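Student: Can we walk through this model together? I'd like to go over a few helices and a couple of residues.

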Amino acid sequence: MKKCISYYVAALVGKAMIHGMHLMKRNGTNLPGEVALKLCPQLLSQFQMPKNVIVVTGTNGKTTVTNLIGNALKKRGDTLITNPFGGNVDTGIASLLLANSNLNGTLYADTLLLEMDERSAERILPYVQPDYLICTNLQRDSMKRNAHAEFIFEFLNRNIPKKTILISNADDLISSALVPEQPHIYFGVALLPNEVPTNDSLVCDIVNCPKCGTRLQFQFRHYNHIGQAVCPKCGFCNKKADYQVTAVEDCTATILHNGKEEHYPIPNDRITDIYNSAAVIAFLRTYGLSEQETTACMQGSEIVKSRYDTLTSHGKPVYISLAKGQNPIACSAACDFVRKESGKKAVILILEDFYDRRRTSENIAWIYETDFEFLKQDNIVQIIVGGKRAMDYLVRLLIAGIDRNRIVCCASETETVQYLQWDKFDKLMILYDLYNTESLAQIKQQLQEVAEA
């Protein structure tokens, strides 16, 4: 491919910036790509894509799925370029490609695995031309940025290349409808033994049949609108899953595929991560791995600690879960995880979006779509909210019907640990926003220091 002059200028400047930022021990995730794209707006089209291009997108779960696929392919011995820690918009991906290619735009690997922000589809998909696109789900997200699920659906639908094979969520009536004329492999999760479905969410992102407008009848919902539904008038319903999880026990998933049961190790048994694991397994099998190879690649897999982590303090388990501020579905799923855990629990909420606040002002409308009602449980004995918006969360928790005597508010996220009444609970659950990692790190340090004292 003949390159334009602006490409070489952009590539030289971008590579120099990446090298300079590395020397200064700074993370060059987006800035070099941002500058390079200004110098050459068609930069992404100038790279020579490798033999295999895989893109992971969706509202929730894409970072986890990208990491699990990346780890599996590395175990298999594939040479891989990927962005497991962010930079999932066009500027970040431009930086990644500049850092992993020669001046002529040829990448140093046989496989490119990208996590892609779904809102960025039109700036990425037409240029990288993925062979496979894994879409975890499409759900309500940041109101001011993503509007609504149908808006994001259209971004993806009109930009998916015709060559692309989709790995789709059969239990998501929105994302499973993407480019219906193209090949799909569907994954899903049946109503699991002893599972209590979550049919009481405030938000269900698809209520009426997209074919005839009749109200859908849900047989069950795992969370939000993810589940099984049918239209009583025209018969519209979910796609049939090619890989369906039918049971999970001791972090081993039983998957029904072509009428045969297959068994795979998965990182944990939270419903959201069961879906993430099902997406990964469906992709790996479609990619050509045998059942035995997929099992070996999934063995010992872990959820990246920025999404889910555990530790022990005061001899009691502490569960730390990303709740993704301004994302009512992800935060509701985290609250549902809390309510379904057994034993007496204390909950710490640190959900302020510092990243957003630096640029504009934090929009709190999303908290009224979040199922904080899930925290109204007799066995949740303390809820401690930290941060400048603690009183806003107090109002929301009171609207949810939670006893005021169980709620503590403090001005700083890092003060929350001081208010824990350790003798009253068996487990501590911490829900945090993605951009509160510094506060979370200090809280974890306090918990570990207490444990060592």
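Tutor: Sure, one term up front: helices (H or I, at least four residues) and strands (E, at least two) are DSSP runs, numbered from the N terminus. This is a predicted model, where local features need pLDDT of at least 70 and side-chain atom pairs count only at pLDDT 80 or more, while totals for chains, interfaces and linings use all residues. Residues are numbered from 1 along each chain as its sequence is written, and side-chain values use heavy atoms, with hydrogens and water left out.

Student: Which residue follows helix 8?

Tutor: Helix 8 covers residues 271–287, 17 residues in total. The residue after helix 8 has a positive phi, near 120 degrees, and is G288.

Student: How many of the 17 residues of helix 8 are buried?

Tutor: Buried means under 20% relative accessible area, exposed over 50%, and partly exposed in between (1.4 Å probe, protein chains only). Helix 8 is largely enclosed by the rest of the structure, because its buried residues number 15 of the 17.

Student: And what covers the buried residues of helix 4?

Tutor: Helix 4, residues 90–99, is mostly covered, with 9 of its 10 residues buried. Among them are D90, I93 and L98. Contact means heavy atoms within 4.5 Å. The cover includes helix 1, helix 2, strand 2 (80–82), strand 3 (111–115) and helix 5 (121–128).

Student: Is I81 buried or exposed?

Tutor: I81 sits in strand 2. It touches residues including L96, N100 and Y108, leaving aside those up to four places away in sequence. With a relative accessible area of 4%, I81 is buried.

Student: Which side chains does a polar contact of 2.6 Å join to that of H225?

Tutor: H225 is in the loop between strand 7 (217–223) and strand 8 (226–230), and at 0% relative accessibility it counts as buried. A polar contact is a pair of N or O atoms within 3.5 Å; within protein, one must be able to donate a hydrogen and the other to accept it, and residues adjacent in sequence count only if both atoms are side-chain atoms. At 2.6 Å, one such contact joins the side chain of H225 to that of D172. Another, also given as 2.6 Å, joins the side chain of H225 to that of N224.

Student: Where does L39 lie, and is it buried or partly exposed?

Tutor: L39 lies in helix 2, residues 31–39. Its relative accessible area is 39%, so L39 is partly exposed.

Technical notes
Expected span 1.5 Å × (residues − 1).
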